[in-house]
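User: I would like to learn how to read some features of a structure. Can we take them one at a time?

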Amino acid sequence: MRSESLKWPPRHRLIFPENVKRLLREPAGRLISGDPDQVMKEVKRLIEADNPPLVIAVGDYTSAKLREHGVRVNIYIIDGRIERRSCQIFDTSGLRVIQCVNDPGTICPEAASKLHELLREPDIKDTVLLVMGEEDLLTLAAIISAPEGSAIIYGQPGVGSVYVKVDKALKRKALEIIERAESSAPHEK
């Protein structure tokens, strides 16, 4: 398996063809469905029970609902869009905002590196990674870069939220998916 030699964060833009994106449509963790407020109460309960070292929220709607329900989140990853439509649902007032670029359907080196650095900051909290482009695939980057035991919450449109607990097996699976992406520059030998 090549995963052991994969450089992370990547030095080149990773492009995800449709056949690889299809793999990502399956929830990476526990799918919690139902009324959005009940979903958030369950996510809050899980976070309080698990007490993960870091909690990462991906997506504007998910981030807004978690904040509305007072759920502890260390870093929010948003792009100012819900289902590809512009929105202003997440209020960044009082939060540290760091911007990066991540083109749709990709993981860009700048975004992956910034996220990687943020997830290594001691005592990170109240931080927003504001993505110019699209944040969805940064869930994979978060899985790879977050410490084991961390929780990642992201939305499953029209269904609910996915609660992901990061462990070695999940990191391995994320790296295997990353390996299927196409690099925008030739691979080094």
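User: Does aspartate 126 count as buried, partly exposed or exposed, and what is its relative accessibility?

Analyst: A note before we start: this is a predicted model. Buried means under 20% relative accessible area, and exposed means over 50%. Aspartate 126 has 37% relative accessibility, so it counts as partly exposed.

User: Where is aspartate 126 found, and what is the sign of its phi?

Analyst: Most residues other than glycine have a negative phi. Aspartate 126 has a positive phi of about 50°, although it is not a glycine. It sits in the loop between α4 and β9.

User: Which value does phi take at aspartate 123, and is that residue buried or exposed?

Analyst: Phi is positive at aspartate 123, about 60°, and this residue is not a glycine either. Aspartate 123 is found in the loop between α4 and β9, a strand that covers 127–133. Its relative accessible area is 74%, so aspartate 123 is exposed.

User: Now the peptide bonds. Which bond joins tryptophan 8 and proline 9, cis or trans?

Analyst: Most peptide bonds are trans. The one between tryptophan 8 and proline 9 is cis, with omega about -5°. Proline 9 lies in the segment before β1, which spans 14–15.

User: How do I read a helix pair? At what angle do the axes of α4 and α5 cross?

Analyst: Start with the axes. Those of α4 (residues 109–118) and α5 (residues 138–145) come within 10 Å and cross at roughly 40°. That makes α4 oblique to α5. The crossing of α4 past α5 is right-handed.

User: Which residues meet where α4 contacts α5?

Analyst: From α4 come Ala111, Leu115 and His116; from α5 come Leu138, Ala141, Ala142 and Ser145. By class, the residues of this contact are 5 nonpolar, 2 polar and no charged.

User: Let us turn to the whole chain. How many helices and strands does it have?

Analyst: The protein chain has 6 helices and 12 strands.

User: What is its radius of gyration, and what would a compact globule have?

Analyst: Compare the value with that expected from chain length. For 189 residues, a compact globule would have a radius of gyration near 16 Å; the protein chain has 16 Å, which agrees. The C-alpha trace spans about 50 × 35 × 30 Å along its principal axes.

User: What share of the residues is buried, and what share of the contacts joins residues 24 or more positions apart?

Analyst: Of the 189 residues, 47% count as buried. Among contacts with a separation of 6 or more, 70% come from residues 24 or more positions apart.

Definitions and conventions:
Residues numbered from 1 in each chain as written. Predicted model: local features only at pLDDT ≥ 70, side-chain atom pairs only at ≥ 80, totals over all residues. Heavy atoms only, no water. Axes fitted to C-alpha atoms, helices over the stretch in contact; angles between N-to-C directions. Helix = DSSP H or I, 4+ residues; strand = E, 2+ residues; numbered from the N terminus. Parallel < 35°, antiparallel > 145°, perpendicular 65-115°, else oblique. Left-handed = near helix turned anticlockwise from the far one by under 90°. Contact = heavy atoms within 4.5 Å. Nonpolar A, V, L, I, M, F, W, Y, C, P; charged D, E, K, R; others polar. Rg over C-alpha atoms; globule rule 2.2 N^0.38 Å. Buried < 20%, exposed > 50% of the residue type's maximum accessible area, 1.4 Å probe, protein only.
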